[in-house]
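What follows is a guided reading of one chain, taken through its buried interior and its cysteines. Please keep the sequence and the model side by side as you read.

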Amino acid sequence: MEVCTVEKKIGFVGGGAMAQAIAEGLVTSGTVDPANISASATSNRFKDWWTSRGMGFCTFNNTIISNAEVVFIAVKPHLYTGMLETLRKEGHKYPKKLWVSIMAGVVMADLTKNLAMVTNFVERVVRTIPNTPSKVRKGSVAVTFSDNCTEVDRSVVTTMFSSVGRCVEIPERLQNAFAAMCGSGPAFVYQVIEALADGGVMMGLPRNMAMEQAAAMVEGAAGMVLLGSKHPATLKDEVCSPGGSTIRGVQRLEEGGVRAAFMAAVQAAAERNEELGKN
């Protein structure tokens with residue numbers, strides 16, 4: 001399969017787990033040359049991760065922003081205004097750039113207002129919240145573009161995120177819900193995998209085998225859904241023989257309120273995203 005490449009300087013302000021997941025996906029897919037990617041953080045804690053993969057790293061946000069054409073804002077939501085204020089106090093004013101936020105809950109109106117502290121060109125802004133499976137190119141990413149983003153901007157962002165998973169464009173009002181389902185969702189599924197493996201161990205399977213096969217089973221089940229020809233309920237029914245062991249297990253899940261618990265988890269995460277955007 002032909003790989004679409006992006007020939008731009010990419011900078012990550014914030015070098016933690018989410019930035020690493022995106023960068024790893026961009027490099028392993030061949031979409032961006034590692035020499036064109038750099039990141040900053042407040043300490044050297046992440047330095048080895050970035051430099052060992054041929055990417056740049058420093059502790060000065062200004063250096064990363066100045067040298068980048070596409071700037072990912074990958075700091076904690078409650079820290080980004082302070083980061084921009086520090087840059088303003090240092091007297092930095094940046095030329096036109098494409099700004100991509102991967103901060104949960106931060107709305108584009110607030111982001112645009114705060115970016116004005118450090119640039120007179122804030123018309124090209126993208127809001128998104130990728131998830132950590134982007135690291136293995138199995139990510140789920142939703143993007144929202146500001147009205148003044150160019151077709152080139154849209155192509156660059158879509159190409160980058162499509163290289164690390166499935167990328168869709170959505171209106172901003174759906175971002176917090178998407179982030180709750182797909183951004184937080186991996187944590188929910190990891191608990192499912194752990195619980196399934198624990199069940200296997202309880203019934204006699206070796207721990208390593210149970211964990212690996214539980215994860216492989218979840219991957220396979222997801223693949224069946226992504227074929228798109230059958231609803232998950234239909235796929236479930238195909239596994240449940242009348243009077244069999246699977247329907248007995250499903251009964252226990254229903255007694256435990258599993259589906260309601262997952263729905264409530266997404267709701268709680270979405271509501272927290274709303275709160276983060278207001279703080």
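In this predicted model, cysteine 182 counts as buried, since its relative accessibility is 13%. Its sulfur lies 12 Å from the closest cysteine sulfur, which belongs to cysteine 167, and this is too far for a bond because a disulfide is counted when the two sulfur atoms are within 2.5 Å. Cysteine 149 is likewise buried, with a relative accessible area of 8%, and the closest cysteine sulfur to its own is again in cysteine 167, at 13 Å, which is too far for a bond. By this rule, the number of disulfides comes to zero.

From the cysteines we can turn to the nonpolar interior. The largest nonpolar core holds 33 residues, and the members that touch the most others within it are Phe12, Ile37, Trp50, Phe72 and Phe161. At least two residues of this core come from each of the strands β1 (10-13), β2 (37-40), β4 (70-73), β5 (98-101) and β7 (139-145), and likewise from each of the helices α1 (17-28), α2 (47-51) and α6 (151-162). Of these contributions, the largest share is that of α1, which supplies six residues.

Tryptophan 50 gives a closer view of the surroundings of one such residue: leaving aside residues up to four places away in sequence, it touches Phe12, Gly15, Ala19, Gln20, Ala23, Ile37, Ala39, Met55, Gly56 and Phe57. Separate from the core just described there is a second one, made up of 21 residues, with Val75, Tyr80, Val106 and Val125 among them.

Terms used:
Residues numbered from 1 in each chain as written. Predicted model: local features only at pLDDT ≥ 70, side-chain atom pairs only at ≥ 80, totals over all residues. Heavy atoms only, no water. Core = buried A, V, L, I, M, F, W, Y, C linked by side-chain atoms within 4.5 Å. Buried < 20%, exposed > 50% of the residue type's maximum accessible area, 1.4 Å probe, protein only. Helix = DSSP H or I, 4+ residues; strand = E, 2+ residues; numbered from the N terminus. Contact = heavy atoms within 4.5 Å.
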